[in-house]
Amino acid sequence: EFILRTGSWLLARFLYQIDFKGTDHIPKYGPALIVANHASFIDWLLITAVCQRPVRFVVDYRTFTKPFYNWFFLCGKCIPFATEEENKQIYDAACEQISKALAAGNLLCMFPERAITKNGEIKAFAAEIEQILVKNDVDIIPIGLSGLWGSLFSLKKQGKLTLVHKNKRRKI
C-alpha cells in the first residue's frame, strides 16, 4: 500500500501540476464515499495521490478480465462492479462488498459514469449508483477532476487513447 501510494504521488507530481482544493472535506477516519467524474485512465492515480488515507476503488467488472489489470486491481482491493442488467450476480456481490467496506470504515471511490468520457462531457450516472448511495448512509465527497481532458491518458482523439503528450506538465 505504501509503495502504491508513494508511486502514485510521485507519478502524479511528475506528469501533472496538481492544484487541489477542498481535501480537508475528506475525512481522516471513518467511512466515506468519493464520487468523481471520469476524465482519464489515471483519475484513480490522482485521487490516490491527493488523499491522505488509502482509497478503495469500485471498478467496472470487465477490467478484471485483463491479466495485468486483474492482478493490479486485486492488489489494490478494488471491487468489481456491474449493473443489474449486465450481471446480477456481480452487482449483488459488489453491493455487499461496498456495504461491508464502508461498515469497516473504508474510504471508497466510485466513478458513477462507469466509463471514461469520450468527448470531455460528464455522462449520465448509472442508476445503480443512486441505489448504493441510498443503502449506505455515509458521507459523500464529490470530486471534480478538471484539466485532464486532452492529456496523455484521456480519450480525446476519436475515443482512443492519446499517445502524444503535448504539454510537458499539465496543470489540473
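The exercises below work through a predicted model of one protein chain, each with a solution in steps. Residues are numbered from 1 along each chain as its sequence is written, and side-chain values use heavy atoms, with hydrogens and water left out. Because the model is predicted, local features need pLDDT of at least 70 and side-chain atom pairs count only at pLDDT 80 or more, whereas totals for chains, interfaces and linings use all residues.

**Exercise 1. Confidence**

Task: Establish in which elements of the protein chain confidence is lowest and highest.

Solution: Begin with the chain as a whole, where the mean pLDDT (the predictor's confidence in each residue, from 0 to 100) is 77, and 72% of the residues reach 70 or more. Then go to the elements: strand β7 (residues 170–171) has the lowest confidence, at a mean of 45, while helix α4 (residues 88–103) has the highest, at 94. Finally, look at the stretch of residues 158–172, over which pLDDT stays under 50; for these residues the model has 44 contacts (heavy atoms within 4.5 Å) beyond four places in sequence.

**Exercise 2. Order of elements**

Task: Determine how many helices and strands the protein chain has, and in which order they run.

Solution: Count helices (H or I, at least four residues) and strands (E, at least two) as DSSP runs, numbered from the N terminus. The count comes to five helices and seven strands. Reading from the N terminus on, their order is α-β-β-α-β-α-β-α-β-α-β-β. Next, take the contacts between residues at least 6 apart in sequence, of which 68% join residues at least 24 apart. One pair that is far apart in sequence is Asp 43 and Leu 145, which are separated by 102 residues but lie 7.6 Å apart in space, C-alpha to C-alpha.

**Exercise 3. Burial and helix α2**

Task: Work out why helix α2 (residues 43–50) can be called largely enclosed by the rest of the structure.

Solution: Fix the classes before counting: buried means under 20% relative accessible area, exposed over 50%, and partly exposed in between (1.4 Å probe, protein chains only). For the 172 residues of the protein chain, the buried share is 43%. In helix α2, seven of the eight residues are buried, so the helix is largely enclosed by the rest of the structure. The buried residues of α2 are Asp 43, Leu 45, Leu 46, Ile 47, Thr 48, Ala 49 and Val 50. The acidic-residue entry in this list deserves a separate check, and Asp 43 indeed counts as buried because its relative accessibility is 0%.

**Exercise 4. Nonpolar cores**

Task: Find which strands each supply at least two residues of the largest nonpolar core.

Solution: A nonpolar core is a set of buried Ala, Val, Leu, Ile, Met, Phe, Trp, Tyr and Cys residues joined through side-chain atoms within 4.5 Å. The largest one has 18 residues, and those with the most contacts inside it are Ile 34, Ile 47, Cys 51, Phe 57, Leu 107 and Cys 109. At least two residues of this core come from each of β2 (32–36), β3 (56–60), β5 (107–110) and β6 (139–143), and β2 gives the most, with three residues. Another core, of 17 residues, lies apart from it and includes Val 58, Ala 94, Cys 95 and Ile 129. In soluble globular proteins, nonpolar side chains tend to be buried together.

**Exercise 5. Salt bridges**

Task: Locate the partners of Glu 86, Asp 92 and Glu 96 in salt bridges.

Solution: Apply the criterion of a side-chain nitrogen of Lys or Arg within 4 Å of a carboxyl oxygen of Asp or Glu; a search of the whole structure finds five salt bridges. Glu 86 pairs with Arg 62 (3.4 Å, N to O). This pair links distant parts of the chain, with Glu 86 in the loop between β4 (79–81) and α4 and Arg 62, 24 residues apart from it, in the loop between β3 and α3 (67–75). Asp 92 pairs with Lys 88 (3.0 Å, N to O), and because they are four residues apart in helix α4, about one helical turn separates them. Glu 96 likewise pairs with Lys 100 (3.1 Å, N to O), and these two are also four residues apart in helix α4, about one helical turn. Glu 96 is partly exposed at 45%, whereas Lys 100 is exposed at 53% relative accessibility. Lastly, salt bridges that share partners join Asp 60, Arg 62 and Glu 86 into one network.
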